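User: I would like to go through this model by way of its sheet, its surface and its charged pairs. Please reason briefly before each answer.

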Amino acid sequence: MIKNYLKIAWRNLIKNKAASLINIGGLAVGMAVAMLIGLWIWDEVSYDTGFKNEVRIAKVMDNSFINNETETWGSSALPLAPALRNTYGSSFKHVIITSWTNDHILTYGEKKVVKKGNYMEPAVTDMLSVTMLKGTASSLNDPTSVILSQSTAEAIFGHADPLNKVIVIDKTLSAKVTGVYKDLPINSSFGDLTFIAPWQMLAISEKYATRFNNPWGASWFQTFVQLADNADMNQVSAKIKNLKLDALTAKHNADARYRSALFLHPMTKWYLYGEFKNGINIGGRIQYVWLFGIIGVFVLLLACINFMNLSTARSEKRAKEVGIRKAIGSVRSQLIIQFYSESLLIAVLAFFFSLILVLLFLPEFNKLADKNISILWGSPAFWALGISFSLFTGLIAGSYPALYLSSFKPIKVLKGTFKVGRLAAIPRKVLVVIQFAVSVILIIGTIVVFQQIQYAKNRPVGYSRNNLLNVSLQTDELNKQYLALKNDLLASGAVVNVAQSENLVTQVYISNGGFNWPGKDPAIQEEFMSMAVTADFGKTVGWQINDGRDFNPAYLSDSSGFIINEAAVKFMGLKHPVGQTMEWIGNGKYKIIGVVKDMVNQSAYDAAKPSFFYLPRWQHLSNINLKINPLLSAHQAIGKITAIFKRYDPSTSFDIQFIDESYAKKFENEERIGKLATCFAGLAIFISCLGLFGMASFMAEQRTKEIGVRKVLGATVFRLWQLLSKDFVVLVTISLLIATPVSYLFMHNWLQSYQYRTLINGWIFVIAAIGALAITLLTVSYQSIKAALANPVKSLRSE
């Protein structure tokens with residue numbers, strides 16, 4: 001019986017090739033989109049799940065009351081880890097302190113590689129369940145040792161045995177390789193950790209000695225914990241809340257005014273729930289997981305709607321088949337099975353075609369999404385889910401046709417008195433409205449996303465990015481010879497200005513508190529973003545002075561001067577800031593010599609934070625800023641610059657980056673999401689158009705005799721085109737009326753997460769409406785005009 005059902009189903013597919021192609025093609029595209037989105041979601045939700053102890057690992061975070069709001073920090077002070085061990089040791093299996101994972105130069109003889117690594121306490125290997133391939137993890141107890149990931153060991157030593165060989169880290173720290181570990185899961189927060197150096201190596205290094213001063217007041221490090229087996233995450237988080245505040249209060253440290261509140265942020269939430277606002281977790285990438293999950297469901301729903309619409313639309317042509325089957329003894333359940341067999345056959349075929357589509361487009365999808373996703377061919381769960389997914393889709397897509405077609409009365413059908421009636425078309429019209437409403441919502445959402453990105457890109461940044469370069473210094477060699485290097489660079493004609501800075505101009509991450517100024521409210525807990533610079537910094541980056549003057553190397557007093565931004569003036573409430581004195585507690589008094597326009601050196605979507613710039617009392621800044629001579633091409637200038645850098649430090653490779661490219665990276669995440677949304681919105685429109693094309697084809701076929709009669713009576717081609725297209729235009733117009741307020745509310749709420757945000761203008765909805773109507777007319781016009789141009793003699797011959 002099943003064989004017979006499938007045979008008839010196959011014959012029906014072959015008989016109605018156009019409808020079958022639209023059904024299978026639409027479902028295949030819908031399934032392919034759903035599959036790609038599913039693989040993307042799986043990659044997102046499986047982040048940080050490749051560790052044995054991930055549910056018991058957490059990072060110690062800090063909520064501090066700063067600048068009249070609660071800010072959340074992931075950095076921690078040096079004494080925090082030992083204080084946690086001493087006070088709450090029974091709650092933890094491990095408490096470790098680490099620096100930050102950054103690029104480092106690893107040198108072995110003539111071989112040099114740049115790899116990301118970290119200085120960490122030895123217990124990290126047990127916490128992360130590091131698999132040692134050679135040597136032992138316990139060797140990290142030796143402050144002169146280092147363990148390498150398998151890929152790093154191969155990059156440096158090839159196939160030679162790396163054990164007991166000595167490498168140099170950043171040209172200053174010698175370390176003996178005492179172990180090689182299996183690369184950590186790439187889809188994790190530690191995926192780029194390619195070597196681990198002992199924490200003690202950092203602690204005894206002269207280069208980083210300043211980071212170990214003022215221990216409770218300077219948060220340079222990170223603290224990770226692994227809970228004891230009997231400990232509860234929430235309970236331990238509540239216990240440690242006041243640990244830092246109590247320590248600062250006991251030592252009468254001025255930082256106690258920030259009212260620090262510690263808490264544990266579980267590893268399972270680092271990636272998807274990494275955003276905080278006013279001390280509260282507001283989600284993070286999880287919103288994109290939900291967004292694309294909903295898009296995937298809707299795109300698949302659109303494909304199912306196509307199938308349901310075309311199947312019900314062709315019901316009259318199969319009415320006699322149903323009548324004859326019932327007349328010769330078929331019961332309704334058998335007919336339902338027959339129609340379900342057809343829908344399931346289409347769904348299964350569509351599933352296998354969707355696999356082919358995913359295989360073809362997955363490489364491009366990975367580039368677009370910046371992922372390394374692959375189909376899980378060897379996973380039984382993947383196949384079980386895929387087949388179940390197909391069966392479910394087939395049942396959902398075929399449910400209405402199966403139940404509707406099988407309900408026809410055989411007497412009416414065989415007498416020729418059966419008519420579908422006007423009400424039968426209502427479900428199809430409702431489904432078309434839903435289709436286009438969803439598609440239009442996706443289009444409007446995509447336009448708003450790109451408008452927000454462009455709005456932030458066009459924001460005044462407070463400095464000139466054109467022809468501005470940055471060279472990050474990995475070693476102190478160039479710092480020691482900076483003045484000579486600067487003179488040679490200027491003399492070469494490749495650059496017109498040179499200056500050093502503590503941070504990249506687009507990424508300031510150092511902040512300081514503990515300031516007094518005239519009229520300060522004692523209740524204020526201030527925190528200023530700060531950057532140490534050399535005197536030519538402003539001239540090099542082209543910042544804009546609003547009041548006062550720039551730093552001047554000729555004025556020795558400028559070493560005790562501040563240049564502040566507009567946000568700082570507003571925050572401090574100073575009407576005439578230039579000439580006012582600020583006390584930096586523990587560092588002396590500084591005079592405000594200038595005010596600059598706010599510079600975008602953090603998130604481009606947030607308001608500028610109160611900031612100040614100052615001349616350091618040391619000559620060890622980690623960035624050199626270069627303004628290229630506009631008379632030279634970038635290629636010529638970089639060639640000269642590289643040659644001069646190599647002359648001073650021939651053994652180091654330099655990371656030269658354009659500031660405009662660095663600034664563009666601020667928008668990578670939103671642009672990536674926007675491009676993905678654009679692709680999915682385009683596919684949603686494509687699927688909707690497939691359905692419209694099929695419906696227009698059926699309606700033209702259904703009204704062949706009517707069109708013939710109208711042509712005989714003198715109707716023009718334009719009038720017939722208008723007649724056939726009118727119904728679809730009305731349906732799309734209704735979908736626009738539904739989609740407009742829904743999309744506005746959704747995108748308005750999305751924009752509220754940005755401080756610096758665009759407005760949702762009316763032209764967006766106008767463009768979306770014009771686009772939807774134009775696509776509709778183009779889709780249905782082919783069938784409408786084809787029917788209008790047909791010879792009426794042929795259509796009326798049977799009459």
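Analyst: Two strands are taken as paired if DSSP finds at least two bridges between them. The model is a predicted one.

User: In what order do the four strands of the open sheet lie, and which are the edge strands?

Analyst: The pairing in this open sheet is antiparallel, and the order of its four strands is β16-β25-β15-β26. From one strand to the next the twist averages 25°. A strand at the edge pairs on one side only, which holds for β16 (495–501) and β26 (655–658).

User: How many bridges join β15 to β25, and which residue of β25 stands opposite Leu 468?

Analyst: Strand β15 covers residues 468–472 and strand β25 covers residues 623–628; the two run antiparallel. They are joined by five bridges. Opposite Leu 468, in β25, stands Lys 627.

User: Which strands does helix α16 touch, and which strands does helix α19 lie across?

Analyst: Helix α16 (residues 482–492) packs on the sheet at about 160° to the direction of β16, and the strands touched by α16 are β16 and β25. Helix α19 (residues 634–648) runs at about 150° to β26. The strands that α19 lies across are β15, β16, β25 and β26.

User: Which helix gives the most residues to the nonpolar surface patch?

Analyst: The patch has an area of about 630 Å² and is made by Trp 290, Ile 294, Phe 298, Leu 301, Ile 426, Val 430 and Ile 434. Two helices, α9 (286–313) and α14 (425–457), each supply at least two of its residues. With four residues, the most is given by α9.

User: Is Trp 290 buried or exposed?

Analyst: Trp 290 is found in helix α9 and is one of the residues that make the nonpolar patch. The cut-off for exposed is over 50% relative accessible area. Because its relative accessible area is 59%, Trp 290 counts as exposed.

User: How far apart in sequence are the parts tied together by Lys 371 and Glu 44?

Analyst: The closest N and O atoms of this salt bridge are 2.2 Å apart. Lys 371 lies in the loop between α11 (332–369) and α12 (380–405), whereas Glu 44 lies in helix α2 (residues 17–45), so the parts tied together are separated in sequence by 327 residues. As for burial, both Lys 371 and Glu 44 are buried.

User: What separation in sequence does the pair Asp 649 and Lys 171 span, and which of the two is buried?

Analyst: The side chains of Asp 649 and Lys 171 meet in a salt bridge at 2.4 Å, N to O. Asp 649 is in the loop between α19 and β26 and Lys 171 in the loop between β8 (166–169) and β9 (173–181), so the pair ties together parts that are 478 residues apart in sequence. Lys 171 is partly exposed at 25% relative accessibility. The buried one, at 4%, is Asp 649.

User: Is Asp 558 buried or exposed, given its salt bridge with Arg 549?

Analyst: The two side chains meet at 2.7 Å, N to O. Arg 549 has a relative accessible area of 28% and is therefore partly exposed. Asp 558 has a relative accessible area of 0%, so Asp 558 is buried.

User: Which residues are joined into one network by salt bridges that share partners?

Analyst: The count of salt bridges comes to 17, and the pair of Lys 371 with Glu 44 is one of them. Shared partners link this pair with further residues, and the network consists of Asp 43, Glu 44, Arg 285 and Lys 371.

Terms used:
Residues numbered from 1 in each chain as written. Predicted model: local features only at pLDDT ≥ 70, side-chain atom pairs only at ≥ 80, totals over all residues. Heavy atoms only, no water. Axes fitted to C-alpha atoms, helices over the stretch in contact; angles between N-to-C directions. Contact = heavy atoms within 4.5 Å. Patch = residues over 30% accessible without salt bridge, like charges linked within 9 Å, V, L, I, M, F, W, Y side chains within 5 Å. Areas by Shrake-Rupley, 256 points an atom, 1.4 Å probe, with all protein chains shown as cover. Salt bridge = Lys/Arg side-chain N within 4 Å of Asp/Glu carboxyl O. Buried < 20%, exposed > 50% of the residue type's maximum accessible area, 1.4 Å probe, protein only.
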